[in-house]
Amino acid sequence: MARDPYIVRPETLPSAFPPGHEPPRLLLDFADWLEGRPWGSLGCFRLQGTLSDEAPIVDGSALRREFSLFLYLPDGSLVGFWHPDGMPTPSSPVVGLGSEGDAAVLASSLEGFLAKLAHDAFSDSAWSDLAAAEEDEEDDEEEDEGNPTRAADDETRDALAEWFAGRVGPERLDALAGEVCDSTAFAARMDAWMHEREAYWAEHSILTEIGRALAAHRPPGKTPWDRTQLRAAIVGTLCEVQVYRAGPQPVPEIAEVEPLLRALRDEQHRTDPDLGLWFEAHLALDAKGCILPRFDYQTRPILGGAPAPVEQARSDLSRAPRPARWVPDWLADSRA
């Protein structure tokens with residue numbers, strides 16, 4: 001039975017890189033090569049440029065210059081380049097940001113990553129979504145040559161190995177596939193970032209005030225993972241704040257909370273002007289009144305049950321311009 005092809009969106013790759021930097025030629029060529037190949041034959045992913053905002057880390061938007069992510073995995077994990085100094089280079093390693101908080105160096109370069117894909121090097125690791133898709137139990141009992149899916153996977157990996165060996169040579173391909181990567185520095189960097197940002201927001205004066213204003217919504221539980229989820233959306237002159245309780249419900253404290261949220265939004269913009277102004281903030285409120293925020297600068301929010309008016313969002317863009325590649329399509333498109 002024929003499988004759907006990989007989702008490949010090469011046009012999105014530039015947006016994953018800091019302004020002034022472009023995706024490496026090898027990544028673009030690999031995207032062209034992957035187009036039309038059967039999904040799962042090299043692993044379960046889609047190739048699409050994305051910002052670190054979507055990564056499973058605290059304050060991912062603040063790390064946009066440190067990551068250029070290009071693979072989505074089914075469990076929400078992301079894979080891409082890590083630029084330790086905020087500057088993309090040919091030696092930027094390829095890393096994984098796991099949905100459960102794990103952080104690993106998968107290869108010391110894009111060349112090494114492609115070589116490992118071609119050799120199915122991730123099948124026995126925590127990153128097995130980067131290996132050929134698992135077969136059904138019945139298929140496992142079949143011989144390789146009698147299993148058309150497995151044969152197709154082998155064919156795809158062989159084709160990738162041949163294509164890549166044509167660029168770097170067979171010996172270089174084998175050496176790259178066998179490299180062992182040390183994740184210590186990367187894992188330590190991400191662990192330190194998480195603790196630093198959690199502490200920063202726990203003591204942030206504006207969020208402390210918002211936490212007091214929303215005291216009635218604190219969760220009854222006392223454990224650190226008991227949190228009330230709230231959503232704030234600001235677009236131009238419009239503002240909506242909801243608490244998730246049997247579905248999203250408006251909070252009665254909006255008159256007190258809105259000016260605080262706007263002050264927070266402006267402060268965030270002053271901290272990193274290139275990000276512009278966020279449109280949504282997702283607020284996790286704990287029993288002590290501390291809030292851990294997550295900011296969304298890209299998604300068109302829903303306000304009053306309808307997509308936010310583009311003209312209101314454009315007023316925000318005019319007040320806080322962004323680099324063109326970081327303007328979302330719905331806002332950049334004059335037909336929206």
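Is Ala 246 buried or exposed? Hold that thought for a moment, and hello everyone. What you have on screen is a predicted model, and I'd like to walk you through it from the overall fold down to two individual residues.

Let's take the whole chain to begin with. It contains 10 helices and 13 strands. The radius of gyration comes out at 22 Å, and the globule rule for 336 residues gives 20 Å, which is close, so the chain is as compact as a globular protein of that length. If you prefer a box to a radius, the C-alpha trace spans about 65 × 45 × 40 Å along its principal axes.

How much of the chain is buried? Of the 336 residues, 49% count as buried. As for contacts, take those between residues at least 6 apart in sequence: 62% of them join residues at least 24 apart.

Now the surface, for those of you thinking about solvent and electrostatics. The chain exposes about 16100 Å², and 52% of that is supplied by carbon and sulfur atoms. There are 31 positive and 60 negative charges, and their mean positions lie 11 Å apart.

On to the sheet. Six strands form an open sheet with mixed pairing, and the order is S1-S2-S3-S4-S5-S6. Which strands stand at the edges? They are S1, residues 8–9, and S6, residues 103–107; each has a single partner strand, so one side of each is left without a neighbour in the sheet. Elsewhere in this sheet, let's look at S3, residues 67–72, and S4, residues 78–82: they run antiparallel and are joined by five bridges. If you want one pair to click on, Leu 71 has Val 79 in S4 as its bridge partner.

Finally, two residues for anyone who likes Ramachandran plots. Asp 59 is not a glycine, yet it has a positive phi of about 55°. You'll find Asp 59 in the loop between strand S2, residues 46–50, and S3. Its relative accessibility is 7%, under the 20% cut-off, so Asp 59 counts as buried.

Ala 246 also has a positive phi of about 55°, and again this is not a glycine. Ala 246 sits in the loop between strand S8, residues 238–244, and strand S9, residues 248–250. That brings us back to my opening question: with a relative accessibility of 83%, Ala 246 counts as exposed. So there we have a buried Asp 59 and an exposed Ala 246, each with a phi of about 55°.

Thanks for listening, and do rotate the model while we chat!

Conventions: Residues numbered from 1 in each chain as written. Predicted model: local features only at pLDDT ≥ 70, side-chain atom pairs only at ≥ 80, totals over all residues. Heavy atoms only, no water. Helix = DSSP H or I, 4+ residues; strand = E, 2+ residues; numbered from the N terminus. Rg over C-alpha atoms; globule rule 2.2 N^0.38 Å. Buried < 20%, exposed > 50% of the residue type's maximum accessible area, 1.4 Å probe, protein only. Contact = heavy atoms within 4.5 Å. Areas by Shrake-Rupley, 256 points an atom, 1.4 Å probe, with all protein chains shown as cover. Lys, Arg positive; Asp, Glu negative; His and termini not counted. Charge placed at Lys NZ, Arg CZ, Asp CG, Glu CD. Pairing = 2+ DSSP bridges.
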